[in-house]
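Work through these exercises with the model open beside you. Each one sets a task, then solves it in steps.

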Amino acid sequence: MRILQVSAELFPLLKTGGLADVAGALPAALGAQGCAVRALLPGFPAVVAGLRAPEKVGSFTTPWGEGVDIVLGELPGLGTAGGALQAYVLMAPGLYDRPGNPYHDTQHNPYADNHRRFAALAWGAAHLAYGLDAGWSPQLVHCHDWHAGLSPACMAYWDSPQRVPTLFTIHNLAYQGCFAAACFADLGLPASAFGVNGLEFYGQVSFMKAALVYADHISTVSPSYAREIQTPEQGFGLDGLLRSRAAQLSGILNGVDASVWDPGYDALLAHPFDGRKLTGKALNKAALQAETGLDLLPDAPLFSLVGRLTEQKGLPLVLGGVEEVVGGGGQLLVLGSGDTALEHALAAQAQAHPGRMAVRLDYDEALAHRIFGGSDVTLVPSRFEPCGLTQLYGLKYGSLPLVRRVGGLADTVVDTDLESLDDRSATGFVFDNFDTTDYRRAVRRAFALYRRRADWSRVRQNGMRIASGWEQSALRYRDLYASLLS
Ligand code: ADP
């Protein structure tokens, strides 16, 4: 099967979150299942810099009259069996050649022409689907998140006797790519598309809605999230549409890319370790404490959080539970950036608890590895969570996840109780309500287990043993592609 994967990010070239990890890992995992995957990416500076041997395969003109070249090149190490991934890149410096974040300027304001930047991506996908590269064309186009969300609409209106099916994967329904109605004129779609049965959403244009209406199938990154987004609580106004498409909506869990995340071979850890020999874990913890200015306390449970500092990720709960962690004799380490108010509140708490709490307001891939490798507990107390990757990294790196029972967190972490301890299914701590009381109770349970060292080791072993690779998920995607092609 020939698949074109369309996304705005791809690890290691460009990453702002889990989307990049998935886009970077999926082609090789699908390749191992017999799929021939090529990627399509906007020509952001980091993408262009990482592309090897680029050659122009064609060009097209956007609906607003801008010329875009499509080049095909190689991304070493990201393809099947460690080979190169073939990647198409849109060369449109006027749209993409800007420093920093792919979506917004240095003041965190979304770029005013974002609708054009990602409409170009969608039209690029449609042109490739319908023959722009004489040497290769996909049988199916797999689009990720709102940035690629207009592609199914462009393809649905393409004048062609044969249809190329589309799969759209939602990584986060909260980010919808909404633009003023006036932007519709730039999109090159018939006027009828701007309606309640098209991409119009409360008077605006929504790229997310375009995908949900026009894609042949919709997937989410966990089965629970596929159910949750059909409710008003988590549907962000699109739950009715999603319910109407329930027959074409399913969830496939993300995996962990073992070539990047494996504590036994992780070059970013000073002391690699595995489930059989955990001395390295203790050494990593001491190094992490030293690096981040925490007191060198080998027996203090070290709670950590790596992620976007937003309400979604449960930072208000973490702030409300600082005393529970620190007062109980533990330590707290946070790495992330995000909402200014949350950043300030975290920094103030760290200042109030020197040696016990540390905060790094940064994006630091290598430090993230060291945190999973050195901490005891990985906090993911999210309000909602499409899949979540950090709890999976925590499991693999022997840092027990403490999570809310929602979305992919509910699908991947088993709460520790007598029964799950006994049958060896326990892997972490799960609480139900998005409130500080429930969160604190889970923190206290983590302390209680930490004092029972044999039980702690057992739960940690359970988590590290879980097979969380991409094989199973890639198989599911392959089967889904096959069903869409049949
Ligand atoms: P989301 O995609 O919602 O941000 P995920 O848990 O799915 O959350 O994926 C987040 C990814 O980004 C993980 O690989 C995580 O390690 C990484 N990450 C998030 N914030 C940071 C940071 N400040 N420094 C390094 N890595 C980070």
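The model is predicted.

**Exercise 1. Polar contacts to the ligand**

Find how far polar side-chain atoms of Lys15, Arg308 and Lys313 lie from oxygen atoms of the ligand.

Solution.
- Step 1. Start with Lys15. One of its polar side-chain atoms is 2.8 Å from a ligand oxygen.
- Step 2. Go to Arg308. Here a polar atom of the side chain sits 2.7 Å from an oxygen of the ligand.
- Step 3. Check Lys313. Its side chain places a polar atom 3.0 Å from a ligand oxygen.
- Step 4. Now look at cover. On its own the ligand has 560 Å² of accessible area, and the protein covers 93% of that.

**Exercise 2. The shell around the ligand**

Describe the shell around the ligand by residue, by class, by element and by domain.

Solution.
- Step 1. Count the residues. The ligand is surrounded by 19, and the closest are Lys15, Gly18, Asp21, Arg308 and Asp362.
- Step 2. Sort by class. The shell holds 7 charged, 6 polar and 6 nonpolar residues.
- Step 3. Assign elements. At least two shell residues come from each of helix H1 (18-31), strand S14 (331-336), helix H13 (365-374) and helix H14 (390-396).
- Step 4. Assign domains. Domain 1 (2-255 + 470-485) and domain 2 (279-465) each give at least three residues to the shell.

**Exercise 3. The setting of helix H13**

H13 supplies at least two residues of the ligand shell. Determine how many of its residues are buried and what covers them.

Solution.
- Step 1. Begin at the start of the helix. A side-chain oxygen of Asp364 comes within 3.2 Å of the backbone nitrogen of Ala366.
- Step 2. Count the buried residues. They are 7 of the 10 in H13, so the helix is mostly covered, with buried meaning under 20% relative accessible area.
- Step 3. Name them. They are Leu367, Ala368, His369, Ile371, Phe372, Gly373 and Gly374.
- Step 4. Identify the cover. It includes helix H9 (279-292) and H14, along with strands S13 (302-306), S14, S15 (357-361) and S16 (377-380).

**Exercise 4. Thr427**

Is Thr427 buried or exposed? Then trace its contacts.

Solution.
- Step 1. Locate Thr427. It sits in the loop between helix H16 (418-422) and strand S18 (429-431).
- Step 2. Classify it. Thr427 counts as buried because its relative accessibility is 2%.
- Step 3. Find the polar partner. A polar side-chain atom of Thr427 lies 2.9 Å from the backbone nitrogen of Val414.
- Step 4. List other contacts, leaving aside neighbours within four places in sequence. Among them are Leu395, Leu400, Pro401, Val413, Val459 and Ile466.

**Exercise 5. Unusual backbone geometry**

Inspect the peptide bond from Phe11 to Pro12, then phi of Ala53 and of His108.

Solution.
- Step 1. Recall the background. Most peptide bonds are trans, and most residues other than glycine have a negative phi.
- Step 2. Check the peptide bond. From Phe11 to Pro12 it is cis, with omega near 5°. Pro12 is in the loop between strand S1 (2-6) and H1.
- Step 3. Check Ala53. Its phi is positive, near 50°. Ala53 belongs to strand S3 (residues 52-61). At 58% relative accessible area, Ala53 is exposed.
- Step 4. Check His108. Its phi is also positive, about 70°. His108 lies in the loop between helix H3 (93-96) and helix H4 (114-129). His108 counts as exposed because its relative accessibility is 55%.

Technical notes. Residues numbered from 1 in each chain as written. Predicted model: local features only at pLDDT ≥ 70, side-chain atom pairs only at ≥ 80, totals over all residues. Heavy atoms only, no water. Near = heavy atom within 4 Å. Polar contact = N/O pair within 3.5 Å; in protein donor to acceptor, adjacent residues only side chain to side chain. Areas by Shrake-Rupley, 256 points an atom, 1.4 Å probe, with all protein chains shown as cover. Helix = DSSP H or I, 4+ residues; strand = E, 2+ residues; numbered from the N terminus. Nonpolar A, V, L, I, M, F, W, Y, C, P; charged D, E, K, R; others polar. Domains from an automatic or database assignment. Buried < 20%, exposed > 50% of the residue type's maximum accessible area, 1.4 Å probe, protein only. Contact = heavy atoms within 4.5 Å.
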